[in-house]
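Reader: I would like a close look at a single part of this protein, namely the sheet and whatever packs around it. Please take me through it step by step, with the cysteines included.

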Amino acid sequence: MKKGITFLAILYFCLLIFVSCGDNKSEQTKNALRAFNDVLQNNIEFMNTDGHGSDTQRLRLKELLSDSEQYKIIKFTLLDMDRDNTPELIFQYCTIDNKGDVPDFLEILKHHDGKVYGLNRTYREMKDLKIDASFSWSYSGFDNGYSKLGFESNSIKIVNLGYCQSSNDNQAEYFFVNDKAVSEDEYTYFCENQNKKEYMIWYDYTSQNIKKYL
């Protein structure tokens, strides 16, 4: 009898912990979405970098969209890019006179410890976003690959999954998967599996969709 009571007490305690953790994650997501809304409404600043070693800037969205040219946001999505159970906001933007759907830049926003951090990428640096948070990039016909994002030391980091790199004279190519040198056939196999992954869904940047998803 006592063993039965003890077991039930332990089970009840474990359930409390589980529910508590679930509530915390849900609250983290709500806080993140509220912060993203504040960014989109220009109510708060965020810390922004381009991931290439440039200085981090503290700015508001209107400053990002009126840098050297005037820009507009065209699409957005929500995805847990760094697998911490809290989604990031990713939006695509382009020049105002751009009539197509191909963006010039992407911005990834992450909420952490009450602050919002941003990573800015050109479209060539972040294409074909997949539901597992991986994406492709290309600097040239010989230098391209696939990456994911990580978060450390209050900044968003690029984590390479696999890539092709050319020699300085472009006479040779080197292939890497998980930062280990592989053969061309092994790299091709890696790319084929990567290309089979499902694409992420992007939403038009409208007030209706912002209200629905944020």
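Author: In this predicted model, strand β8, which covers residues 144–152, and strand β9, which covers residues 155–166, pair in the antiparallel sense over nine bridges. Within that pairing, phenylalanine 151 stands opposite isoleucine 156 of β9. The two strands belong to an open sheet of five strands, whose order is β7-β8-β9-β10-β11 and whose pairing is antiparallel. At its edges are β7 (135–138) and β11 (180–182), each of which pairs on one side only. If direction is ignored, neighbouring strands of this sheet are turned against each other by 45° on average.

Across part of this sheet lies helix α3, residues 184–195, which is in contact with β8, β9, β10 (173–177) and β11, and the helix runs at about 65° to β8.

The cysteines can be followed from here. The structure holds zero disulfides, and cysteine 164 is accordingly in none, the nearest cysteine sulfur being that of cysteine 191, 8.3 Å away. Because a disulfide would require the two sulfur atoms to be within 2.5 Å, the 8.3 Å between the sulfur of cysteine 191 and the closest cysteine sulfur, in cysteine 164, is too far for a bond. Both side chains are nevertheless shielded from the surroundings in the sense of accessibility: cysteine 164 counts as buried, at 4% relative accessibility, and cysteine 191 is buried as well, with a relative accessible area of 13%.

For the wider setting, the nonpolar cores are worth setting out. The largest nonpolar core has 21 residues, and those with the most contacts inside it are Leu61, Phe91 and Leu109. At least two residues of this core come from each of α1 (2–40), α2 (61–64), β3 (71–79) and β4 (88–95), with α1 giving the most, six residues. Leucine 109, when residues up to four places away in sequence are not counted, touches Phe36, Val39, Phe46, Glu88, Leu89, Phe91, Val116, Tyr117 and Gly118. Apart from the largest core lies another, of 16 residues, and among them are Met81, Leu119, Trp137 and Phe176.

How values were computed:
Residues are numbered from 1 along each chain as its sequence is written. This is a predicted model: local features need pLDDT of at least 70, side-chain atom pairs count only at pLDDT 80 or more; totals for chains, interfaces and linings use all residues. Side-chain values use heavy atoms; hydrogens and water are left out. Two strands pair if DSSP finds at least two bridges between them. Helices (H or I, at least four residues) and strands (E, at least two) are DSSP runs, numbered from the N terminus. Axes are lines fitted to C-alpha atoms, for helices over the stretch in contact, and angles run from 0 to 180 degrees between N-to-C directions. Contact means heavy atoms within 4.5 Å. Buried means under 20% relative accessible area, exposed over 50%, partly exposed in between (1.4 Å probe, protein chains only). A nonpolar core is a set of buried Ala, Val, Leu, Ile, Met, Phe, Trp, Tyr and Cys residues joined through side-chain atoms within 4.5 Å.
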